Amino acid sequence: MRPARPIRPLRFATVALTAAALTLPLLSGVATAEPSAQRKDPHSHAKQDRLRAAAPKGFYVGTAAAGGGHHLEQDYPDPFTYDKEYRKILGQQFSSVSPENQMKWDAIHPERDRYDFAAADAIVDFAAKHGQVVRGHTLLWHSQNPAWLEQGDFTKAELRAILRDHITTVVGRYAGRIQQWDVANEIFDGEGNLRTQENIWIRELGPGIVADAFRWAHRADPRAKLFLNDYGVESVNAKSDAYLALVKDLRAQRVPVHGFSAQAHLSTRYGFPGDLEQNLRRFDALGLETAITELDVRMDLPESGVPTPAQLTQQAEYYERALTACLAVEDCNSFTIWGFTDKYSWVPVFFQGEGSATVMTEDFSRKPAFYALLAALKRA
Ligand code: G3I
């Protein structure tokens with residue numbers, strides 16, 4: 001999601017949650033009380049308190065692995081590489097990881113004739129070591145492209161060759177190790193029109209390039225499930241309608257598109273998208289897999305920087321409802337949150353005055369939202 005106007009990074013407000021806030025019952029009636037063992041050691045993640053262990057078989061609970069992007073402008077070192085506590089929780093709690101920035105063009109293909117796989121390799125290796133699957137993100141996008149590409153003076157034939165080479169090289173490198181790829185990311189605008197100006201590929205090569213991207217990715221890794229991914233498509237609306245029409249069109253051409261995913265960057269400023277399940281079902285009915293890929297729920301922070309118990313309860317309800325919607329749809333088997341700790345969330349960097357969007361505080365204390373997810377997974 002791109003904000004209208006980028007905001008200078010703020011220092012993250014330290015959010016200290018009270019024990020009372022952590023034990024609030026949810027509006028939806030889900031029990032969120034901390035297990036007694038947890039009260040003794042708030043940071044111990046015993047097996048019964050792990051999201052991945054609570055998930056039904058074949059259902060993946062994921063998170064973005066923090067690194068690159070906005071983190072480069074902060075005064076901490078690369079989170080995925082250097083934060084031990086962070087890595088421990090990442091391995092314990094999640095069964096799927098998504099590189100937050102490390103597989104984007106500007107990170108993995110910094111110069112025309114040079115790829116830099118170091119950061120992406122580290123995540124894929126970590127995932128293998130921890131028995132996790134990986135969601136690759138992303139291959140065709142209008143954002144985070146390197147200057148050599150966006151400002152280069154290429155012929156159409158050259159551009160096409162550049163994209164084909166990129167997809168073949170990157171997808172091929174991780175063949176067999178990536179469960180799902182976000183092949184095309186955010187290709188429609190809010191009105192459901194293709195981004196024919198912002199997206200270099202569509203602008204220069206026409207809409208047919210989307211189909212080619214899927215074909216090249218499939219050739220490079222026939223086992224990976226290939227997704228269309230976007231924000232603002234949680235509900236039945238002009239944008240999700242556009243995706244539905246595109247999927248039908250691509251399928252009619254026998255293009256290997258396997259999934260549709262809603263990022264789900266939500267805010268308590270707005271109501272929960274109550275037709276999320278209904279919307280996912282539309283894609284499920286076409287034979288596609290569906291997924292939630294970047295869930296977070298931001299809120300307007302009070303002056304103290306500390307969310308109120310009522311705010312945390314509302315947030316927990318959003319998290320739980322998003323998960324429940326996905327669990328209810330047969331082939332929605334991948335549910336990913338865009339980071340698990342406020343310490344590294346992109347939200348305060350992009351939205352002034354908003355934050356606390358993840359399920360853990362900066363010191364990894366678990367919020368009601370965490371327990372709401374845990375309880376919903378256990379129920380499933
Ligand atoms: O463009 C400058 C570049 O010129 C400079 O060299 C570099 C280093 O300081 O900063 C660059 O911009 C940064 C960009 O990442 C590229 O590295 C932005 O300031 C930074 O805010 C940006 O953040 C990432 C953002 O995507 C970019 O769109 C976030 O870390 C990342 O969490 C976020 O993730 C996206 C998903 O990929 C797609 N869906 C929405 C989601 C949230 O925006």
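In this predicted model, a disulfide connects Cys 326 with Cys 332, the two sulfur atoms lying 2.0 Å from each other. A search through the whole structure turns up one such link. The disulfide of Cys 326 and Cys 332 is left-handed, with -100 degrees about the S-S bond. Both ends of this bridge are hidden from the surface, for Cys 326 is buried and Cys 332 is buried too. For a reader meeting the term here, a disulfide is a covalent bond between the sulfur atoms of two cysteines.

Attention turns next to the strands around β3. Eight of the eight residues of β3 are buried, so this strand is largely enclosed by the rest of the structure. Strand β2 (residues 96–99) pairs with β3 in the parallel sense over two bridges, and Val 97 has Val 134 of β3 as its bridge partner. β3 also pairs with β4, again in the parallel sense, over four bridges. Here Gly 136 finds its bridge partner in Trp 181 of β4.

Helix α11 (residues 208–220) offers a simple check on its geometry. With 13 residues at 1.5 Å a residue, this helix should span 18 Å, and its end C-alpha atoms are 19 Å apart, so expectation and model agree. Several residues of α11 are buried, including Ile 209, Val 210, Phe 214 and Trp 216. The buried residues of this helix pack against β3 (133–140), α9 (156–173), β4 (180–185), α10 (200–205), β5 (225–230) and α12 (238–252). The strands β3 and β4, described above as a parallel pair, are thus met again among the packing partners of α11.

Aromatic rings form another part of the picture, as the search of the whole structure finds 18 aromatic pairs. In one of them, the rings of Phe 272 and Tyr 318 have centres 5.6 Å apart and planes at 75 degrees; because an angle over 60 degrees counts as edge-to-face, the pair belongs to that class. Phe 272 sits in the loop between β7 (265–267) and α13 (276–284), whereas Tyr 318 belongs to helix α14 (residues 309–328), so the pair ties together parts that are 46 residues apart in sequence. Both Phe 272 and Tyr 318 are buried. Elsewhere, ring pairs join Tyr 76, Tyr 86, Phe 94, Phe 340, Tyr 344 and Phe 364 into a cluster.

Charged groups meet aromatic rings as well. The charged end of Arg 87 sits over the ring of Phe 80, at 4.8 Å from its centre. For Arg 366, the charged end sits over the ring of Phe 370, and the distance to the ring centre is 5.5 Å.

Conventions. Residues numbered from 1 in each chain as written. Predicted model: local features only at pLDDT ≥ 70, side-chain atom pairs only at ≥ 80, totals over all residues. Heavy atoms only, no water. Disulfide = S-S within 2.5 Å. Buried < 20%, exposed > 50% of the residue type's maximum accessible area, 1.4 Å probe, protein only. Expected span 1.5 Å × (residues − 1). Contact = heavy atoms within 4.5 Å. Phe/Tyr/Trp six-rings, centres within 6.5 Å; stacked < 30°, edge-to-face > 60°. Lys NZ or Arg CZ within 6 Å of the ring centre and 35° of its normal. Pairing = 2+ DSSP bridges.
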